Amino acid sequence: MTQTETLTPTQAPERERTDEGDHDRFAHYAKKDAIARAYVTGEPIVALCGKKWVPSRDPSRYPLCPTCKELKEAGWTIR
Ligand SMILES: [Zn+2]
């Protein structure tokens, strides 16, 4: 703790990301190359469940999308 702390502007606590809504809080299945491309371009990709979202760089922070999980277990793949 330092005195400068009171003078230092702090960032707002992480709020809901404005991206596309709450599905950003899930980790979705998507094609690996599409994810890699999305990291670079920042463009949304389509997940196995049909969601369009911008993948997080750290999907392990998020719970797996239940729909994606279900579909993957059912043997679905992304075309
Ligand atoms: Zn999903």
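**Exercise 1. Place Cys-49 and describe its surroundings.**

Cys-49 sits in the loop between strand 1 (45-46) and strand 2. Helices (H or I, at least four residues) and strands (E, at least two) are DSSP runs, numbered from the N terminus. The model is predicted: local features need pLDDT of at least 70, side-chain atom pairs count only at pLDDT 80 or more, and totals for chains, interfaces and linings use all residues. Residue numbers start from 1 along each chain as its sequence is written.

Step 1. Is Cys-49 buried or exposed? Cys-49 is buried, because 20 other C-beta atoms lie within 10 Å. The cut-offs: buried means 20 or more other C-beta atoms within 10 Å of the residue's own, exposed means 12 or fewer, partly exposed is in between, and C-beta atoms are placed from the backbone.

Step 2. List the contacts. Not counting residues up to four places away in sequence, Cys-49 touches His-28, Cys-65, Thr-67, Cys-68 and Leu-71. Contact means that the C-beta atoms, placed from the backbone, lie within 7 Å.

Step 3. Check a distant pair. Cys-49 and Lys-72 are 23 residues apart in sequence, yet their C-alpha atoms are 9.1 Å apart in space.

**Exercise 2. Find the partner in helix 2 and its setting.**

Step 1. Thr-67, one of the residues touched by Cys-49, belongs to helix 2 (residues 66-73).

Step 2. Count its neighbours. Thr-67 has 17 other C-beta atoms within 10 Å, so it is partly exposed.

Step 3. Look along the chain. Thr-67 and Tyr-29 are 38 residues apart, with 9.6 Å between their C-alpha atoms.

**Exercise 3. Name the largest nonpolar core.**

Step 1. Apply the rule. A nonpolar core is a set of buried Ala, Val, Leu, Ile, Met, Phe, Trp, Tyr and Cys residues joined through C-beta atoms within 7 Å.

Step 2. Read off the members. The largest core has nine residues: Phe-26, Tyr-29, Ala-30, Ile-45, Ala-47, Cys-49, Trp-53, Cys-65 and Cys-68. In soluble globular proteins, nonpolar side chains tend to be buried together.

Step 3. Follow one member. Beyond four places in sequence, Ala-30 contacts Ile-35, Ile-45, Val-46, Ala-47, Leu-48, Pro-55 and Ile-78.

**Exercise 4. Trace two contacts of Ala-30.**

Step 1. Ile-35 lies in helix 1 (residues 32-41). It has 18 other C-beta atoms within 10 Å, so it is partly exposed. Beyond four places in sequence, Ile-35 contacts Ala-30, Ile-45 and Pro-55.

Step 2. How many of the ten residues of helix 1 are buried? The number is zero, so helix 1 lies largely in the open. Just after helix 1, Gly-42 takes a positive phi of about 75°.

Step 3. Ile-78 is in the segment after helix 2. With 16 other C-beta atoms within 10 Å, Ile-78 is partly exposed. Its contacts beyond four places in sequence are Ala-30, Lys-31 and Leu-48.

**Exercise 5. Summarise the fold and judge the confidence.**

Step 1. The protein has two helices and two strands. Their order along the sequence is α-β-β-α. Buried residues make up 15% of the 79 residues.

Step 2. pLDDT is the predictor's confidence in each residue, from 0 to 100. The mean is 77, and 68% of the residues reach 70 or more.

Step 3. Which stretch stays under 50? Residues 14-20 do, and the model has six contacts for them beyond four places in sequence. Where pLDDT is low, the predicted coordinates should not be read in detail.

Terms used:
Contact = placed C-beta atoms within 7 Å.
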